[in-house]
Amino acid sequence: MCAGVLTPPPAPSAAQKQRAERFSLAAAACEAESEMVLRWPCGLYLSTRQRLLHLRAHQPRCYSTDVEYKPIRSVLCANRGEIAIRVFRACTELGIRSVAVYSEQDKMHMHRQKADESYLVGRGLPPVQAYLSIPEIVRVAKENDVDAIHPGYGFLSERADFAQACIDAGIRFIGPTPRVVHQMGDKVAARQAAIDAKVPIVPGTPGPITTSEEAVEFCRKHGLPVIFKAAYGGGGRGMRVVRKMEEVEENFQRASSEALSAFGNGAMFIEKFIERPRHIEVQILGDKAGNVVHLYERDCSVQRRHQKVVEIAPAPNLDKKVRDQMTEHAVRLAKLVGYENAGTVEFLVDENGNFFFIEVNARLQVEHTVTEEITGIDLVQSQIRIAEGMTLPELGMKQETITMQGSAIQCRVTTEDPAKNFQPDTGRIEVFRSGEGMGIRLDGASAFAGAQISPYYDSLLVKVIAHAGDLQASASKMNRALREFRVRGVKTNIPFLLNVLENQKFLNGTVDTYFIDEHPQLFQFRPSQNRAQKLLNYLGTVLVNGPSTPLATSLKPAEVVPHLPEIPMNLKAASEASESEDECEYAFKPPNGFRQILLADGPAGLAKAVRNNKGLLLMDTTFRDAHQSLLATRVRTFDLLKSSPYVAHNFNGLFASENWGGATFDVALRFLHECPWERLEEMRKLIPNIPFQMLLRGANAVGYTNYPDNVVFKFCELSVQAGMDIFRVFDSLNYLPNLILGMEAAGKAGGVVEAAISYTGDVSDPSRKKYDLNYYLNLADELVKAGTHILCIKDMAGLLRPTAAKLLISALRERHPDMPIHIHTHDTSGAGVASMLAAAEAGADIVDVAVDSMSGMTSQPSMGAIVASLKGTELDTGIELSKVSEYSAYWEQARTLYGPFECATTMKSGNADVYMNEIPGGQYTNLQFQAFSLGLGDFFEDVKKAYREANLLLGDIIKVTPSSKVVGDLAQFMVQNKLSAEEVLEKAEELSFPKSVVEFLQGSIGEPYGGFPEPLRSRVLKNMPRVEGRPGASMPPLDFTVLKKDLQEKHPHISDKDVMSSALYPQVADEFFDFRDSFGPVDKLDTRIFLTGPKVGEEFEVTIERGKTLGIKTLAMAEDLTANGEREVFFELNGQLRSVFIKDKEAVKELHIHPKAQKNVRGEVGAPMPGAVIEIRVQEGDKVEKGAALVVLSAMKMEMVVQSPVTGIVKSIVATKGMRLEGEDLLMTIEEK
């Protein structure tokens, strides 16, 4: 009887008396060591004597064995990472001194800091070999008075020679005896033991094999499928399933190589592979007295590459009879071999409940945590106490008292990218925030900001364990905890784990080892956006390397915050919102405008409403053409959105807002690093009441070249979906076939078609015969016949004088009395307001204006001037001048943010010489910037004169993008080469003309009115091909599906609108996608900070979405470079210190840095993951097929064969055997054939 029973105990036996004596002697011995102080939980410190007295006081009064008890005073963990820390924590709780060992690569690792002492091992050895060096580890233990060594898992944990070396050195090995470790580590001996214990086994090789020939022979004899397993190690290393004979040899070699690297022995064991099994393992504990108990089972079926990903205890839906039989078999096997300490007996369970012995892991398992959670037993402490000599009964462990409570799940959070077949990722953890709370346990080591994840070891970052009443509740806790995690700098498998936890089959507990393979939806996830860290990388890049957007002048952005009056909240409107409507948005809902008419009555209804309107309607170009003309199209979405609510609430009487298309599309991608589609969508949310108008270049869409017809149609369709209403369709040569194609595309998409006639010349001058009044009237007739809803005169150079405006508009109104007429001009000459007033009086319905501070010069006429001029007349616009003034004040401030692009730097006023040179307003300032950048700033007057001559050389053509670019390029070519018009014509056959000029003469942008200029065309083209008719008519349709698939290879989460951007601007779009992936939503930054970066010490906020605002402070930038040519830049983000490493582009020119594979060059083969080159299978000059094996890499004990992305010839090999590479480092270049 034990203490606590009422009946008197019998007299103790001799053995029991001897054991009691041992406790007394040990206690007495401790008195002599009373000066040795050991840590105890809760900040207490107890001597060895006090600890032993504590232990003795808690021993039962009856002793059942004569096992010697020897207290352990110090434990060395021959391991690293989280398991080492797990052991140290157990030691601390037991008052035992903890000792760590670490490799040179781990000198900054957390596990050495968690121990009382730490010592370097394996100096000069490779990273893994340092932890496999038995003599080194034993030496450290002996030199530092270590009593016992805990092997952890992996490395030496299942090496019998290590266990023996410890014992031979007089050090206790916390684990099974060397004999048992050897027997269980030998798959053949373990199988035989299972047979002797009458435990069911799977057919397999009678012993380990070492050659692929033996593997092939077994497979031929027993058939497939089979599984290769490392004979002297576990953990999924060296494990392969083979289902095809032709794959046996290759897989055996790879598996054997992995086993050799991980365990020091490449011998393999082969078994028949059981289809659709569950992988269930039983936790056992044995003591030195021969007692063995089980702590129930764990389900480890959720695996990939035979490595466990998620573990559950107990196994869900396991029949009690099967559980009882399995645990009974496990205990019987353990007793048969004399097992002591912790271990795991693993089984495969088929669909019928039959189970088969796989192996015994004679060590602690990674997933021991879930067993601890459901049983309440600390397995590591139990291991140490058993090694001291305590028995299971003395530890209070009897089988009948060990019970299960609830359900526990362990998820292994690893630094692997599930989107890339779980490739290991390495690098610096820039941000780490864990998920915690009730029912959550975290076992980790490298999980902290600043930690370096190396390619040398396992990719495990942290183990997350959830414990609750049942599987579903436990999964819910785990899901919540994982969603709280924030890990930046390296990829993790958290998105994949979340998908597993939300899978109904998993929640039902009906998983098997095929679970991951058969559920591809587990890989359908969006990776974390990582927006904050990406923005810090952008800011750091600007601080280190300067602006990402080239600045045109030396002016700097002003330090201002443009202001507009706040929009008052309409609480009454908010209270009337329906359940489906957002009350907040409803409270700020602007008054109805022309867009409500369009939505209700369609394009024809809108046109009718325009004609019935009594006053003059205005279209505001501030959001597009005004800043294109004055600020090189550089105005960002950030500043447009800030003013959008004010416009919606105070200018609902506008006909439209021109805010998209034309040059804004490619400039947004190319220079502002923002998505033009998102600009349109965001503006539409804020301005739901005013129609949006865009500029569509006919068959050229928003590009500068020809596209297949289906691209233009698809573009218009997507534009309408994103919020566009009115398409101003024009052609740079007024070429009808191009114009009509654009009209058809806009109309089919459901948009309002506004066909535009590009104006040039002077209809009021009888001497100018080419573009006379009849030319415009005839063209208008054709456009009306083609079905336009609105007719537009697009005076892109500001050539429409007041008298010409009155003449032309009067004639058009008389010819088409029911057709709305819209006039667009530029105020380059200063006569824009007068011309628009004349047009209005002659019958125009709509004219284009820009808010006052963004008007004049090459922009549109002043909104305020026209509003004031018509106030109180029949043509009164109905717009309040005071609101125009407030709106103008905002843009007056905002304009100073764009000082680097300010046209006033070079252009101080309007100039009436535009009537002679006919330079379009949008091009005028661009030509000035180009002239200055080419060193022709002092010759701009010559450029203007040359522009007029170039126009006449080309046949006096319509000049608007892209035809205006042709004239401008020829003009600058003439000035640079000091050529007159006569000399150009004379030397045409020998000159190398700009590409745009040659393509124009070939017919690539259509046919000019009156035909091509001769003899210039023939002399320039000579025998070059010519395009007949509409250029896009002969182009085959673009396959958007193929394009999207190609883009997804590099950018997996591409949208249909992104695909369209790529169809229009392939290279520009690709560069934008790369930028977006690297730097995130830079469009959310204030303009000054976006352009030139913040000042050191500056604090600012960035709202990345509604309700999410980042507080950022720039702290410092390191002066010294790292070995890779990087500078560390320090920030404070939401009060927490963050830093980023930025490659200094100037400094690295002096360093030798391994080249990176260029993503857009198909033949450049990069390393898919960081690692070491262990084999190169090709030589320079070899011909390779797509998919051929090129290089074998090894990282984190995993090997990967890099395959050729193309068929071709190996041009150069940069990598060498043994070379350590970072991700995307160039391996070789293949010339595609």
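This is a short spoken tour of one helix, some aromatic rings and one threonine in a structure.

Hi everyone. Before we start, please keep in mind that this is a predicted model.

Let's begin with helix H14, which covers residues 379-388. How many of its residues are buried? The count is 9 of 10, so the helix is mostly covered. Among the buried ones are Leu379, Val380, Ile384 and Ile386, and the list also includes Gln381, Gln383 and Glu388. Now look at the two ends. At the N-terminal end, Asp378 acts as a cap, with a side-chain oxygen 3.1 Å from the backbone nitrogen of Val380. Just past the helix comes Gly389, which has a positive phi of about 115°.

Next, the aromatic rings. There are 35 aromatic pairs here, and I'd like to show you two. Take Phe228 and Phe252: their ring centres are 5.6 Å apart and their planes meet at 85°, so we call this pair edge-to-face. Where do these two residues sit? Phe228 belongs to strand S8 (residues 226-230) and Phe252 to helix H11 (residues 248-263), so the pair ties together parts 24 residues apart in sequence. Both partners are tucked away: Phe228 is buried at 0% relative accessibility, and Phe252 is buried at 3%.

The other pair is Tyr775 with Tyr776. Here the centres are 5.0 Å apart and the planes are at 80°, so this one is edge-to-face too. Both of these tyrosines are buried.

Rings can also join up in a group. Trp660, Phe665, Trp677, Tyr704, Phe715 and Tyr1065 form a cluster linked by ring pairs.

Some rings have a charged neighbour instead. Arg112 lies over the face of Tyr102, 4.1 Å from the ring centre. Over at Phe1012, the charged end of Arg1017 sits above the ring, 3.9 Å from its centre.

Let's finish with Thr788. You'll find this residue in the loop between helix H28 (773-785) and strand S30 (790-794). Is Thr788 buried or exposed? With a relative accessible area of 6%, which is under the 20% cut-off, Thr788 counts as buried. What does its side chain reach? One partner is the backbone oxygen of Ile790, at 2.6 Å. A polar atom of the Thr788 side chain also lies 3.0 Å from the backbone nitrogen of Ala755. Setting aside residues up to four places away in sequence, Thr788 touches Met743, Val753, Glu754, Ala755, Leu783 and Met819.

That's the tour. Thanks for listening!

Note on methods:
Residues numbered from 1 in each chain as written. Predicted model: local features only at pLDDT ≥ 70, side-chain atom pairs only at ≥ 80, totals over all residues. Heavy atoms only, no water. Helix = DSSP H or I, 4+ residues; strand = E, 2+ residues; numbered from the N terminus. Buried < 20%, exposed > 50% of the residue type's maximum accessible area, 1.4 Å probe, protein only. Polar contact = N/O pair within 3.5 Å; in protein donor to acceptor, adjacent residues only side chain to side chain. Contact = heavy atoms within 4.5 Å. Phe/Tyr/Trp six-rings, centres within 6.5 Å; stacked < 30°, edge-to-face > 60°. Lys NZ or Arg CZ within 6 Å of the ring centre and 35° of its normal.
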